[in-house]
Amino acid sequence: MASEVHLTSPTSHGNVLATSETPLNPSTSDLRKFDGDISKWPSFWDAFESSLHSNTKLPPIDKFNYLNSLLVKSANEAISGLSLTAANYHEAVAIFKIDLGR
């Protein structure tokens, strides 16, 4: 049986129901954007991996959406040819890890 958590937002007019089977969406507001600068990759990836990539309850398609929202400039261009699919999330991660050596 799933446990239930009731949350009230200051802007909502009621409670939001989440169960242990439906995780709350993580926030990317604390994560910095990545522009493709190789010297910034380790800190970007460590933060992204900790917050999103390692979250086993978050589907790959959602992880890809979050990743896309954090990429700018040449980093965005590096995966611009990939369509937004679960399989391509893993491809995008591989591109960065291979190109940036991590």
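Start by colouring the protein chain by pLDDT: this is a predicted model, and its average is 81, with 74% of the residues scoring at least 70. Confidence is lowest in strand β1 (residues 4–8), where the mean is 38, and highest in α2, where the mean is 97. Now select residues 1–23. Throughout this stretch pLDDT stays under 50, and the model gives it 24 contacts beyond four places in sequence. Where pLDDT is low, the predicted coordinates should not be read in detail.

Next, switch to a cartoon view. You should find 4 helices and 2 strands in the protein chain, and if you follow the sequence, they come in the order β-β-α-α-α-α. The chain has 102 residues, of which 25% count as buried. Among contacts with a separation of 6 or more, 46% join residues that are 24 or more positions apart.

**Stop one: the aromatic residues**

Show the aromatic side chains. Across the whole structure there are 9 aromatic pairs. One of them is W41 with F44, a tilted pair with 5.9 Å from centre to centre and 40° between the planes. Both residues sit in helix α1 (residues 41–53), and because they are 3 residues apart there, about one helical turn separates them. Are W41 and F44 buried or exposed? Both W41 and F44 are buried.

Keep F44 selected and add F48. This pair is stacked, with 5.9 Å centre to centre and 20° between the planes. F44 and F48 also share helix α1, 4 residues apart, or about one turn of the helix. Like F44, F48 is buried. To see the wider setting, select F34, W41, F44, W45, F48 and F96 together: these residues form one aromatic cluster.

**Stop two: a buried lysine**

F48 also leads to the next residue, since K63 touches F48, along with L52, H53, N55, L58 and Y89, leaving aside residues up to four places away in sequence. Select K63 and you will be in helix α2 (residues 60–70). What is the nearest side chain of opposite charge to K63? It is D62, 9.4 Å away, and K63 is buried yet has no salt bridge. A salt bridge here needs a side-chain nitrogen within 4 Å of a carboxyl oxygen, so D62 at 9.4 Å does not qualify as a partner for K63.

Look instead at the backbone around K63. The lysine side chain reaches the backbone oxygen of H53 at 2.8 Å, and it also reaches the backbone oxygen of N55, at 3.2 Å. H53 and N55 are both among the residues that K63 touches.

**Stop three: the salt bridge**

How many salt bridges does a search of the whole structure find? There is 1. To see a salt bridge, select K40 and D35, whose side chains meet at 3.7 Å, N to O. K40 is partly exposed, with a relative accessible area of 43%.

**Last stop: a serine in a loop**

Finish by selecting S80, in the loop between α3 (73–78) and α4 (86–99). S80 counts as exposed because its relative accessibility is 57%. The side chain of S80 reaches the backbone oxygen of E77 at 3.0 Å. For a last distance, pick the C-alpha atoms of S80 and N68: the two residues are 12 apart in sequence, and their C-alpha atoms lie 9.2 Å apart in space.

Notes
Residues are numbered from 1 along each chain as its sequence is written. This is a predicted model: local features need pLDDT of at least 70, side-chain atom pairs count only at pLDDT 80 or more; totals for chains, interfaces and linings use all residues. Side-chain values use heavy atoms; hydrogens and water are left out. Buried means under 20% relative accessible area, exposed over 50%, partly exposed in between (1.4 Å probe, protein chains only). Lys and Arg count as positive and Asp and Glu as negative; His and the chain ends are not counted. A polar contact is a pair of N or O atoms within 3.5 Å; within protein, one must be able to donate a hydrogen and the other to accept it, and residues adjacent in sequence count only if both atoms are side-chain atoms. Contact means heavy atoms within 4.5 Å. Rings of Phe, Tyr and Trp (its six-membered ring) pair if their centres lie within 6.5 Å; planes under 30 degrees apart count as stacked, over 60 as edge-to-face and the rest as tilted. pLDDT is the predictor's confidence in each residue, from 0 to 100.
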